[in-house]
Amino acid sequence: MVSINVLLAVVPEAVKSALDQDTLEYLGSMIADENDPAAIRDAAEPFLSDAGMSEGDIESMFSKLSLDPADSKVAVTAATRLPVPLAVQGAAINSESKPKSDGASKEAPSSKPTPVTVSTEASRPVSPPKSKSKAKTKPAESQMPTVQAYSQQSRFHNETVTTLSKDVDLRDVNVTVGDHELLVDARLWLKAGCHYGMVGRNGAGKSTLLSVIGNKTLIGFPENIRTLYVQQLDVLDTNMSVIDAVLSADTERQKRMGDIRSIEGALQSPGELRKALDAYIERIGSEQIFLAQKTATLRSGRRGKTARAAALKAEQTALSSIRSKLYGDSKTDADVAADVLATLYAELDEMDAQSAEAQARAILSGLDVSEQQQDGPVSMLSGGWRMRVALAKAMFIKPDILLLDECTNHLDLAAIAWLQDYLVTLEDITIVCVSHDRDFLNAISQEIIRLKEKKLSYHPGNYDDYEQTEDELRKKKEHQYAALERRREHVKKSIDSFMKHARGTQDSKVLGQVASRKKLLERMVGLDVTEDGKKFKVSYWAGFHDTVRPELKLERAEKGVDFSIPQPEALRHQGPLVTLNNISFAYPGRNSGKAKSTTVLENISMSIMMGDHIALLGLNGCGKSTLINIIKGDLTPTKGTVENHSRLRIGHYTQHFVDELSSEHESGLAMLMREHPSVKEGEIRKWLGSFELSGSLATRPVHTLSGGQRARMAMALMLYSNPHLLLLDEVTNHLDMYAVEGLIAAINDYEGTVILVSHDRHFVRETTDDVYALRNAKLTLLEDGIDEYVEKFIT
């Protein structure tokens, strides 16, 4: 154990005199009871560096103390806990300080400092986290990886973090989840009012990037820009009333309303009143500490030292300062409550909170949400109506950036068409949308953001434009590369020819030509012109490089996902797999016969043959899933009969299968081995690998996988039984574009029968031969396919 006195004993006098008493007390509290060398060094180093101690002197000093962190198994950052009410952690980067790295963390360029971890504990004292190198690893199901998100900043960034512009242009954006890097030195560039579609592989980090932007945990993101993040798998599934759900979007109003309710409710009880006032004081104090700590985090040098001292003072005195200000010398709790309530009501008046509910109801009415629906619970609404409530929240808080993560999941085609038309009208709001629906992205996108290889690239136009441009650029580079290789080969042959001639004739002039040709060959690694047509100059290429110009690199086409759908075994006799004989189905009334039953299917007859590819379309709740369950045998029709082939095997992918797997703590490999104990582990691994679930993805708990990876896991589990009939209910939800294209190819090669329910127009168009619409309990064949159905919804 190293105390502050032991540490100061080896610190040079000049450095010791530069450390004030507050700093010494703070540093002493940080290393008190700390046994881990890495944690002690990381805690002390920033203060010593600010006091003028060089990195070499620091290294030498800690060597004397035998505090060498090289053996530490886990990289521990010099961290400052910030009280932020968020579940995602962020980090700041300072362009003028140097990073500290050990064997477990990746060496960073010297322009990037050690990240600063942002804790979610709102009222804990400010102190660096202790090293976890000796801690026992918790089971995977209870361990949540830390998310760090930061961008390039200077020591003066705190003064420029708020601007009048609504554009976002952040350099060197880095996002990591645990030890896994999602973005490395990327550029986040969002132009005000532009509508972006974001594409990338499942698990690449699209949802994580949206979350750190929406939750404001990306350090360096402009403070003045308001964001709203509509999350994947969570479109307001709550018992809160619709109007309250919209009002809850204004968090500042909600804080003050909550304080008022708790204080007014406790006015008649002295004990409860003291608790309510303490909660108010704690909220105000934590906000002051947060602001002070944020300033300290973003500053370095002497300014950083001053800011850290101010943060320490705020932490130590914030609550007592607020309390003494409120209570004065002799005020009672009742007097303080009256003053606090007056302050809170004044703040609400300044925010125009009295008209908030009227504004929210006007917005909901504009989105065709009835008054009865506004006062009812959100949980009673369908997915399409919940999306309207989410958009009402966006309009209520008037965000500058609206972040939509798979917003079309669980919406029917009518809701998707409405949402598509509505988003196009939001010309003043920047939209970033992640979606697997190609037609939807084509309709709303003005630019495409591609997340690939830990970088973000920007492409004008919609998704089809992006694909066409990328294909043309790839072909152009292939032609350029082939031409460059031909030229290089010609120069190589001429060099060999000249060398042969020089050896035979001993002609020194020829050797000069050889040297000239070799220099020419060195320059032939890239193009003579830039992408905009200018002649290349070395001055255009900043930095230090191994070659005289940028190498011409071929852009490889995105590798598709090769889904493996096994072909079904041949049946002994021909005939329909399933026959529906004039079936009907009705759900019983809610009040034991007092209310009429609800008929969802009426007099439906159908023969399903081997090789049929059928799509079922209809609004949410019209009975599509009911029909699927009757075909499978999970439901019995109230009228009519269902006949199945005697050897029929059915694979059923349910609409909410991925959601169910989100709570599964077992790995996919373990699940399949448990269900098929006679199969070798290698064969199961090979099977999962065909769904891009190889390596650690096969052995990780399923709930830790991304939404798209869980969707592929669900398909792998379903298809392992080698079914004759596939019942696919919203199978494209959570899959990325490349996985959807791979699934299309696999279904088209599949010789068995497919019945799918999907609202992805492109997917239905490419995979099915017959399209049926379910309206008013009747099943109708659409001669012109899905386009005939969509026409009545698209304006």
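The legends below describe close-up views of a predicted model.

**View 1. Strand 8 and its two neighbours.** Strand 8 covers residues 447-452, and 6 of the 6 are buried, so the rest of the structure largely encloses this strand. Its two faces are both covered: E447, I449 and L451 lie on one side, while I448, R450 and K452 lie on the other. Strand 4 (residues 195-200) pairs with strand 8 in the parallel sense, over 5 bridges. Within this pairing, V199 has R450 of strand 8 as its bridge partner. Strand 9 (residues 455-460) runs antiparallel to strand 8 and is joined to it by 6 bridges. Here I449 stands opposite Y458 of strand 9. Strands 8 and 9 form a hairpin with 2 residues between them, and E453 in the turn has a positive phi of about 55°.

**View 2. Strand 6 between its parallel partners.** Of the 5 residues of strand 6 (residues 401-405), 5 are buried, so this strand too is largely enclosed by the rest of the structure. I401, L403 and D405 point one way, and L402 and L404 point the other way. Strand 5 (residues 227-230) runs parallel to strand 6, with 4 bridges joining them. Y229 has L403 of strand 6 as its bridge partner. Strand 7 (residues 430-434) is also parallel to strand 6, and 5 bridges join the two. L404 is matched with C433 of strand 7 in this pairing.

**View 3. Helix 6 and the residue that follows.** Helix 6 spans residues 206-214, and 8 of its 9 residues are buried, so the helix is largely enclosed by the rest of the structure. Among the buried residues are K206, T208 and the run that includes L209, L210 and S211. V212, I213 and G214 are buried as well. Just after the helix, K216 takes a positive phi of about 60°.

**View 4. The salt bridge between K166 and D400.** The closest N and O atoms of K166 and D400 are 3.6 Å apart, and the two residues form a salt bridge. K166 lies in the loop between strand 1 (147-150) and strand 2 (168-177), and D400 in the loop between helix 14 (383-397) and strand 6, so the pair ties together parts that are 234 residues apart in sequence. K166 is partly exposed, with a relative accessible area of 34%, whereas D400 is buried at 16%. The whole structure holds 29 salt bridges.

**View 5. The salt bridge between R283 and D259.** R283 and D259 form a salt bridge in which the closest N and O atoms are 2.8 Å apart. R283 lies in helix 9 (residues 270-298) and D259 in helix 8 (residues 251-265), so the pair ties together parts that are 24 residues apart in sequence. Both residues are buried. They belong to a network of salt bridges that links E252, K255, R256, D259, R283, E287 and E347.

**View 6. Charged residues around helix 27.** The side chains of R765 and D787 meet in a salt bridge, at 3.1 Å from N to O. R765 lies in helix 26 (residues 761-767) and D787 in helix 27, so the pair ties together parts that are 22 residues apart in sequence. R765 is partly exposed, at 35% relative accessible area, and D787 is partly exposed at 36%. E783, D784, E788 and E791 gather on the surface in a patch of negative charge. E783 is found in the loop between strand 18 (778-782) and helix 27 (786-790), and counts as exposed at 68% relative accessibility.

Methods:
Residues are numbered from 1 along each chain as its sequence is written. This is a predicted model: local features need pLDDT of at least 70, side-chain atom pairs count only at pLDDT 80 or more; totals for chains, interfaces and linings use all residues. Side-chain values use heavy atoms; hydrogens and water are left out. Patches are made of residues with over 30% relative accessible area and no salt bridge: like charges are joined within 9 Å, nonpolar side chains (Val, Leu, Ile, Met, Phe, Trp, Tyr) within 5 Å. Accessible areas come from the Shrake-Rupley method with a 1.4 Å probe; for residues, only the protein chains shown count as cover. A salt bridge is a side-chain nitrogen of Lys or Arg within 4 Å of a carboxyl oxygen of Asp or Glu. Lys and Arg count as positive and Asp and Glu as negative; His and the chain ends are not counted. The place of a charge is taken as NZ of Lys, CZ of Arg, CG of Asp or CD of Glu. Buried means under 20% relative accessible area, exposed over 50%, partly exposed in between (1.4 Å probe, protein chains only). Two strands pair if DSSP finds at least two bridges between them.
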